[in-house]
Amino acid sequence: DNWEPRASLKYQISPAASIKASYNRTAQYIHLVSNTTASNPLDVWTPSTNNIEPQQADQWGIGYFRNFGADNNFETSAEVYYRKSRNQIDYIDGAELLINQFVEGDLLSGDGRAYGIELYAKKNKGLFNGWISYTLSKTELQVDGINNNQWYPTRYDQEHNLKAVLIYEPESRWKFSANFTLLSGTPTTFPTSRLEVQDYLLPFDYYNSRNNVRIPIFHRLDFSATLKGRTKKKGKDRKNEDYWVFSIYNAYGRRNPFSIYFAQDDARPVMGQPIETQATRVSIIGTIVPAISHNFKF
């Protein structure tokens, strides 16, 4: 079924307020498979075939939009949405995804759902302006043969998503901004038990669960300052435009985890003593990163 209907509706309550509703059906012919148990998560893209049907999704949404202020300086909105999808695929327990000629044999298909509420507020004018948004949502899969046939969070499920931007624009060539981001930790699968066989530790998921925990929460603060080039040279308008950008990425040096994996301690096991394990957190950028750039147009 390649039919992809779309519909939208807007009801103007007043010059400053409105209600908007929408529906759309989409189809996708390429599938993403994420191995959440790897220390560096592996993403595999596979096309639809005779054995893997195209993904289909139906999404409904409705929102309330309202402006405030004499010149509509403030914009606000609140939206709720629900998305139902079919033919979502995921790998079986113990699947081999890397360089697997018969990867289709390690995949199962099922249903997906996503729902949540999005809140947004923005200030458009003034020395200080910016915006803030917050989303509370769930993205889940239900695949027979995985997680005891129960719903479980997907690899990219973000229960909380908060973003805020503050901009200061004085009457000069300078512009300053601060950006803050906070996200729920990525779902992943951790073992619930372990087996010790001849001084070797074997992790074991007793409940056959999928994405049963989340890694620690992600948050980061960035700063930037932009210096615009002079618009005149010797009393005449310049033909070229340029500006400098001075930025600080991850201002307080947060070591946000990319993934967490476990390994057996290198120390020789002691008879009668439990084998020790180490949890390792991998961070891609775990320090402050300053940067300077010069941009120009001609």
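The legends below describe close-up views of a predicted model. Local features need pLDDT of at least 70 and side-chain atom pairs count only at pLDDT 80 or more, whereas totals for chains, interfaces and linings use all residues. Residues are numbered from 1 along each chain as its sequence is written, and side-chain values use heavy atoms, with hydrogens and water left out.

**View 1. A nonpolar patch on the surface.** Tyr11, Ile13, Ile19, Ile62, Tyr64 and Val80 together offer about 550 Å² of accessible area (Shrake-Rupley method, 1.4 Å probe, with only the protein chains shown counting as cover for residues). Strand E1 (6-14) and strand E5 (55-68) are the elements that give two or more residues to the nonpolar patch. Patch members have over 30% relative accessible area and no salt bridge, and nonpolar side chains (Val, Leu, Ile, Met, Phe, Trp, Tyr) are joined within 5 Å, like charges within 9 Å; a salt bridge is a side-chain nitrogen of Lys or Arg within 4 Å of a carboxyl oxygen of Asp or Glu. Isoleucine 62 belongs to strand E5, strands (E, at least two residues) and helices (H or I, at least four) being DSSP runs numbered from the N terminus. Because its relative accessibility is 45%, isoleucine 62 counts as partly exposed, that is, between buried (under 20%) and exposed (over 50%), with a 1.4 Å probe and protein chains only.

**View 2. Antiparallel pairing of E19 with E16 and with E22.** Strand E16 (residues 218-228) pairs with strand E19 (residues 241-249) over six bridges, where pairing requires that DSSP finds at least two bridges between the strands. Alanine 225 stands opposite phenylalanine 246 in E19. Nine bridges join E19 to strand E22 (residues 289-297), in which valine 289 is the bridge partner of tyrosine 249.

**View 3. Surroundings of leucine 141 in strand E8.** Leucine 141 is buried, since its relative accessible area is 8%. Apart from neighbours within four places in sequence, leucine 141 is in contact (heavy atoms within 4.5 Å) with Gln88, Asp90, Asp111, Gly112, Gln150, Trp151, Tyr152 and Thr154. Its C-alpha atom is separated by 24 Å from that of proline 5, 136 residues apart along the chain.

**View 4. Surroundings of lysine 163 in strand E10.** Lysine 163 counts as partly exposed because its relative accessibility is 35%. Leaving out residues up to four places away in sequence, lysine 163 touches Trp131, Ile132, Ser133, Phe180 and Thr181. Lysine 163 and arginine 220, 57 residues apart in sequence, are 9.9 Å apart, C-alpha to C-alpha.
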